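Student: Could you choose one small part of this model and take me through it closely? I'd also like to see how it connects to its surroundings.

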Amino acid sequence: MKIEFETAQGETVSAEAEPGDNLLRVAQAAGLPLEGTCEGQMACSTCHVIVAPEWFDRLEEASEEEEDMLDLAAGVARTSRLSCQIELTAEMDGLTVRIPATSHDMRGF
């Protein structure tokens with residue numbers, strides 16, 4: 001299955017993924033600048049992405065903990081998610097996400 005990432009520079013990077021993969025790991029394997037400092041433990045917001053609106057409602061809802069972490073992320077939008085919390089399914093083939101221009105954690109690591 002294919003995942004489309006739009007970089008802050010407006011370039012599109014396509015990555016191959018398998019059902020069960022984690023979106024953060026797919027992005028990192030494709031060489032994209034998603035840090036994931038906490039390694040998926042929802043203790044930072046360095047893997048923040050903005051999901052394309054047509055895909056947002058197709059994903060499982062964010063947990064309260066994820067919403068709390070998104071409050072700390074820079075450049076948050078209505079369709080923001082933490083990529084470490086998105087486990088890919090076969091139905092997500094073609095998922096498109098944007099990497100914010102300001103991708104850093106507001107907690108000041």
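Tutor: Happy to! Let's start at glutamate 4, which counts as buried because its relative accessibility is 16%, and buried means under 20%. Keep in mind that this is a predicted model. The side chain of glutamate 4 has a charged partner: a salt bridge joins it to lysine 2, with 3.8 Å from N to O. Lysine 2 counts as partly exposed because its relative accessibility is 37%. As general background, side chains of opposite charge can pair when their charged atoms come close.

Now look at what lies across from these two residues. Lysine 2 has glutamate 16 in strand 2 as its bridge partner. Strand 1 and strand 2 run antiparallel and are joined by five bridges. These two strands form a hairpin with five residues between them, where glycine 10 has a positive phi near 90 degrees. Glutamate 4, in turn, stands opposite threonine 96 in strand 5. Here the strands run parallel: three bridges link strand 1 with strand 5, which covers residues 96–98.

Let's step back to the whole sheet. It is open, has five strands in the order 2-1-5-3-4, and its pairing is mixed. Strand 2 (12–16) and strand 4 are the edge strands, each pairing on one side only. On average, and ignoring direction, neighbouring strands of the sheet are turned by 35 degrees against each other.

Follow that order onward and you come to strand 3. With strand 5, strand 3 pairs in the antiparallel sense over two bridges, and valine 51 stands opposite valine 97 there. With strand 4, the pairing is also antiparallel, this time over three bridges; isoleucine 50 stands opposite serine 80. In a regular strand, side chains alternate between the two faces of the sheet. So which residues of strand 3 are buried on each side? His48 and Ile50 are buried on one side, and Val49 and Val51 on the other, so both faces are covered.

What do the nonpolar residues do? The largest nonpolar core has 28 residues, and those with the most contacts inside it are Ile3, Phe5, Leu23, Val51, Leu88, Met92 and Leu95. At least two residues of this core come from each of strand 1 (2–6), helix 1, strand 3, helix 2 (53–56) and helix 3. Helix 1 gives the most, with four residues. Phenylalanine 5 is a good residue to zoom in on: leaving aside neighbours within four places in sequence, its contacts include Thr12, Val13, Leu23, Val26, Leu32 and Val97.

Back to charges for a moment. There are two salt bridges in the count. Besides the pair we began with, arginine 81 forms one with glutamate 66, the closest N and O atoms being 2.7 Å apart. Arginine 81 belongs to strand 4 (residues 80–82) and glutamate 66 to helix 3 (residues 64–70), so this pair ties together parts that are 15 residues apart in sequence. Arginine 81 counts as buried because its relative accessibility is 4%. Glutamate 66 counts as buried too, because its value is 2%.

Finally, visit the loop between helix 1 and strand 3, where threonine 46 lies. Threonine 46 counts as buried because its relative accessibility is 5%. A polar atom of its side chain lies 3.0 Å from the backbone nitrogen of glycine 36. Glutamate 39 sits in this loop as well, between helix 1 (23–29) and strand 3 (48–51). Glutamate 39 counts as exposed because its relative accessibility is 68%.

The backbone of this loop is worth a look too. Most residues other than glycine have a negative phi. Glutamate 39, however, has a positive phi near 60 degrees. Methionine 42 also lies in the loop between helix 1 and strand 3, and its phi is positive too, at about 55 degrees, although it is not a glycine.

Note on methods
Residues numbered from 1 in each chain as written. Predicted model: local features only at pLDDT ≥ 70, side-chain atom pairs only at ≥ 80, totals over all residues. Heavy atoms only, no water. Buried < 20%, exposed > 50% of the residue type's maximum accessible area, 1.4 Å probe, protein only. Salt bridge = Lys/Arg side-chain N within 4 Å of Asp/Glu carboxyl O. Core = buried A, V, L, I, M, F, W, Y, C linked by side-chain atoms within 4.5 Å. Contact = heavy atoms within 4.5 Å. Pairing = 2+ DSSP bridges. Axes fitted to C-alpha atoms, helices over the stretch in contact; angles between N-to-C directions. Polar contact = N/O pair within 3.5 Å; in protein donor to acceptor, adjacent residues only side chain to side chain.
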